[in-house]
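Please look through the sequence and the model below before reading on; the paragraphs that follow lead from domains to a single helix and then to the core.

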Amino acid sequence: MTWWGIVIAAGAGTFLIRYLPLLSGTRLARGEGRLNRFLGALGLAAIAALIVLSVSDLWWQAPHWRGGVRLALGAAAVLLVQRLTPNVGLATLVGAGVYGAAGWVLAD
Amino acid sequence: MSLERAILSPWRAAGRGLHESLSLVVGYAPIAFSFGVIAVQSGLTPWQAVGISLLVFAGASQFVMVAMMAAGSGGLTVLSAVLMMNLRHLFYGPALATRLVALPRRLAPWLAFGLTDEVFATAMAKGASRPLEPAWCLGLASGAYLAWVGGTALGASVGAGWASDGGYVAQALDFVLPALFLALLAQAWRRARWPVVAVAAGATLLAMVWWPGHVAMLVGMLAGALVGSRRLRAECSQEATT
């Protein structure tokens, strides 16, 4: 398999993994069964799983109390801004800024 | 007038989606930049790096793909690894469809192509409060795609000599994706849904002891959604009796 062949096959495969279930999903979306409720809860569950993955990646980069404090401060800033202004972009930027600034303040 | 409104409306929805993709753009750009840098450092040409982002558009699996190619793995091995990593996306389409006002057939391929973890999470967080217009989702995915491809191109072309110096700005950028997911969780949060979040987070954490991240995420997602399907049924029954 050539280099571009691998890339094209990976792109096509990834696309089909996303596309084919989306088509069947329109039928499922009209139902009221347990599968429909399962799919309704999947988004929130995915977000929670993504938080755990991304935070644990950061934590293992520097598993130290300072890292924990930075994560807590960054998370608190995100939640505070999100509560004050329902603006995901602003909350994200402020959270990242606080995380970066906390690293500077807590540096040895 | 109504015809004009009907024609303009999807464009307005797409514009709103594009506008709301800004938080994704901020999160994607540095990661895509890193991908471009790493791809070139692994021996790919800038065009090859951009080609992967253009055709695959699946963050983590692209990093794995480049690492395996650089290590000389066979084509089928690389392909299997990429597809296995992206299997969790099987569930995204049906879940998104439950939140869409409609799914025109001609838009489905475009929506599916842009259905990454972050686009899905953002759409589902927004969809918790109102039904989603397909054009809005397309605008959202377009912003994310442009940031991903643009960031890769920038990293691959000007970032070859660039290396992370561990500075505080770079560290702040490391927190962009966790911050984005946390803000999305806060946006989609409903008190009654806490078991979904707790079980998904706990199961992911536990699964990470034995399996790599993409498998742990799949386990956590499914466990949380299973609990959610039971809880939601209980909530519906409760509403019916009151």
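Domain bounds come from an automatic or database domain assignment, and for chain B this assignment gives domain 1 (2–189) and domain 2 (191–242). The contact between them, where two residues count as touching if their C-beta atoms, placed from the backbone, lie within 7 Å, takes seven residues from domain 1 of chain B and six residues from domain 2 of chain B. This is a predicted model, in which local features need pLDDT of at least 70 and side-chain atom pairs count only at pLDDT 80 or more, while totals for chains, interfaces and linings use all residues. Residues are numbered from 1 along each chain as its sequence is written, and chains are lettered from A and ligands numbered from 1 in the order in which they are written.

In chain A, helices are DSSP runs (H or I, at least four residues) numbered from the N terminus. The buried residues of helix 3 of chain A (buried meaning 20 or more other C-beta atoms within 10 Å of a residue's own, exposed 12 or fewer) are A:Arg70, A:Gly74, A:Ala75, A:Ala77, A:Val78, A:Val81 and A:Gln82. Because they cover an arc of only 155° around the axis, they lie on the same side of helix 3 of chain A, the arc being that of the directions from the helix axis to the C-beta atoms. Their cover includes helix 4 (88–105) of chain A together with helix 11 (176–188) of chain B, whereas the face turned away from the buried side of helix 3 of chain A carries the exposed residues A:Trp65, A:Gly68, A:Ala72, A:Arg83 and A:Leu84.

Not counting residues up to four places away in sequence, B:Ala200 touches residues including A:Ala45, A:Ala48 and B:Gly220.

Key. Helix = DSSP H or I, 4+ residues; strand = E, 2+ residues; numbered from the N terminus.
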